[in-house]
Amino acid sequence: MTSSSPSGSGPAMPHSDLGIELSRLIGAATAKQVAKGLDITTVGEMLHHFPRRYIPRGDLTDLDQLEVDEYVTIVARIVDSRMRQMQSRKGTITDVIITDNSGRPSELVISFFNGYTAKKELQPGVLAMFSGKVSYYNYNKVLTNPGYVLLPDNELADHEVDFHAGRPVPVYPTTAKFPSWKSEKVIATLLPILDLERVPDPVPKAIAAREKLMPLADAYQEVHLPSSMDAWPRAHKRFRFQEALALQTTLAQKRFEAASQNATSRAPVSGALLDAFDAQLPYTLTAGQRDIGQLIAAEVAAGHPMHRLLQGEVGSGKTVIALRAMLQVVDAGGQAAFLAPTEVLAAQHLHSISALLGSLGSGTLLGGQHATQVTLLTGSMPAAAKKKALLAAASGEAGIVIGTHALLSDNVQFADLGLIVVDEQHRFGVEQRDALRAKALKPPHVLVMTATPIPRTVAMTVFGDLEVSELTELPAGRAPIVTHVSPLAEHPGWEPRVWARTREEIDKGHQVYVVCPKIGEAPDSEDVPPAEGDSRPMAGVLDVVLYLREVPALAGLRIEVLHGRMDSADKQGTMAAFARGEIDVLVATTVIEVGVDVHNATLMVILDADRFGISQLHQLRGRVGRGGLDGTCLLVTNLEKDHPSRKRLDAVAETNDGFVLAKQDLEMRREGDILGAKQSGGSSGLRMLSVLRDEELIERARKDATEIVEKDPGLEFHPALKLEIEMYLNEKNGAFLERG
């Protein structure tokens, strides 16, 4: 691997341009490998491919800390090696057993298919570095066909890269095609030919001094080639703050741009529809509902568009806040669109909003100030009904239009769209919200809601261009939900008790949900995806309903199914029948996760509960205990007690506080899953910043960014920060920002 001068002759000149193509400095062949393995093409991207951790000289990896589904690089010693024949086809498997010498029974099996070279090289006593993906097999963590390099027995130096003795070994994020030691080689080639002293610092001098940040050039050296285990933390601090400032400045620019737009003011109208609604509301708003309602009312009345995220517990009363904002817009002559992620949820919102409005929802926007029309628009509606709904929206006859993705269609028009309410914000992309915003004459006000609690620092990061409000109180009449884990692996005799408990609840006159992670044998987008390498069968709605109809304890009960593969009319009919009490047990998928509101449902049984995430379990159980009756949720699992996924179930059973669970979720999972990168197959979207650990740092960076943008919106006087932001976004680190 050699460097070359741009002219092709003479000694290479030091470079300070981080935007330069890697191929100019490390050669086309190596650069092609980097691009294919890491999706990195420039010097700056490579320098910001930071080590994930560092191994002190002579240390082995703690095998107990390995996470399933993670690409890892580990240093360990071989204790045994054996070859066996494959049972299902020709060939052999070499099993290598490694240890971390911790004194605990910590060993890991590494398997190589037809691994003759591995059998020869990886003998007992040998020290090696392995790079691959951790998976689960027969309830044990394993590595299959990892890359590896042999290490000298006396120290962890000199493994293909000639580092100075005593330096910690950096361990880089690994992909299947690019192990850590290849990143080391590229970095070791780059650093000597870069003039890092000339790279402009994106952090303003006064801020860098206040934060006591390591100089940028020193930080690049110490983050990649730390002189000691005490050196790299200071470099990390510098790059964490630098990243936070770039990220928060981008978000501050978005907020500044939004505040600069003109919107139609929708000031409250005294004695009109909203006042009439408040007068007939059968309950008193909580203090939180009143405070947030007043804040939204002031923002909707302003001359620039509101952009607010409202998050609150399941059943905390977000819908009534949104409805009051919609009525304020209707009073001022505008219309409101309510976007829901599913047809079941859209129909449920139509029912609940119509019930809240009563006679106030039976009129038209054109027919008087004390009534409006609420219209539903979904993709599966009959042609005649859809045509009527389209006409009501376009003419202004409908003040409130509730719908699914059908609202985004080109043929949907509004007379004067003033407010967009997006329910379950995380299910929609920025393009979809932009498509709806484009239907307004002027930029409309936007209120996005979620019942999936978001930790404060995640809200500041992912939704940092929105103002955030939190509803933390539950309205009167919401009973606490008692949650129990039902571990059938330890107590197989408990399954009959689950169905006996179901019968007891129904004999009291109540109703029960049974939730399954999939529909049936045929794969469906609605199914909960299994973890990679997990081949255990999952409970499916179509099989479970047949089984339950044969359970003696449930004899004579009305047991029906609800899932996304059903015809829209059948889904709505089933849900309506359950709401009327005509169904005792509803066996369903996560189609009931949000918005379903049946007050008589008091028990939820979630089968294979370990297949669901924490937030999903919390959302699901929020379907019971909604009518002042005590709610119970049973999390049924076949996993052994020490399986990592059992921690999620225990966490949900211990608390009903969604915000506490959101923080625990963040601690248990990779942050990329929280930030939405897992759905797109990417990394977390953050280089080094941790939204959980770095809350105070992010707060300071947000304040700094806001002040910078207020004085210099285009960053004309902060060119280095502007370049840092451009590089940050070009590195695909900013993709999750588009969720905000």
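**Cavity and parallel sheet**

The largest cavity has a volume of about 30 Å³. The model is predicted. One cavity of 30 Å³ or more is counted. Its lining is formed by T264, R266, L417, G418, K442, P443, P444 and H445. By class, three of the lining residues are nonpolar, three are polar and two are charged.

The sheet is considered next. Seven strands make up an open sheet, and their pairing is parallel. The strand order is 11-12-10-13-14-9-15. Strand 11 (374-377) and strand 15 (467-471) stand at the edges. Each has a single partner strand, so one side of each is left without a neighbour in the sheet. On average, neighbouring strands are turned by 20° against each other, direction ignored.

Within this sheet, strand 9 (residues 307-312) runs parallel to strand 14 (residues 445-450). Five bridges join strand 9 to strand 14. R308 stands opposite L447 in strand 14.

Helix 11 (residues 318-331) packs on the sheet. The helix touches strand 9, strand 10 (335-339) and strand 12 (400-403). Helix 11 also touches strand 13 (417-423), strand 14 and strand 15. The direction of helix 11 makes about 170° with that of strand 13.

Cavity and sheet share residues. L417 and G418 line the largest cavity, and strand 13 spans 417-423. H445 also belongs to the lining, and strand 14 covers residues 445-450.

Methods:
Residues are numbered from 1 along each chain as its sequence is written. This is a predicted model: local features need pLDDT of at least 70, side-chain atom pairs count only at pLDDT 80 or more; totals for chains, interfaces and linings use all residues. Side-chain values use heavy atoms; hydrogens and water are left out. On a 1 Å grid over the protein atoms alone, a cavity is a set of points where a 1.4 Å probe fits but cannot get out, and a pocket is an open set with protein on both sides within 12 Å along at least five of seven lines; lining residues have an atom within 4 Å of a point. Grid points are joined across faces, edges and corners, and a volume is the space filled by probe spheres set on the points. Ala, Val, Leu, Ile, Met, Phe, Trp, Tyr, Cys and Pro count as nonpolar, Asp, Glu, Lys and Arg as charged, and the others, Gly among them, as polar. Two strands pair if DSSP finds at least two bridges between them. Helices (H or I, at least four residues) and strands (E, at least two) are DSSP runs, numbered from the N terminus. Axes are lines fitted to C-alpha atoms, for helices over the stretch in contact, and angles run from 0 to 180 degrees between N-to-C directions. Contact means heavy atoms within 4.5 Å.
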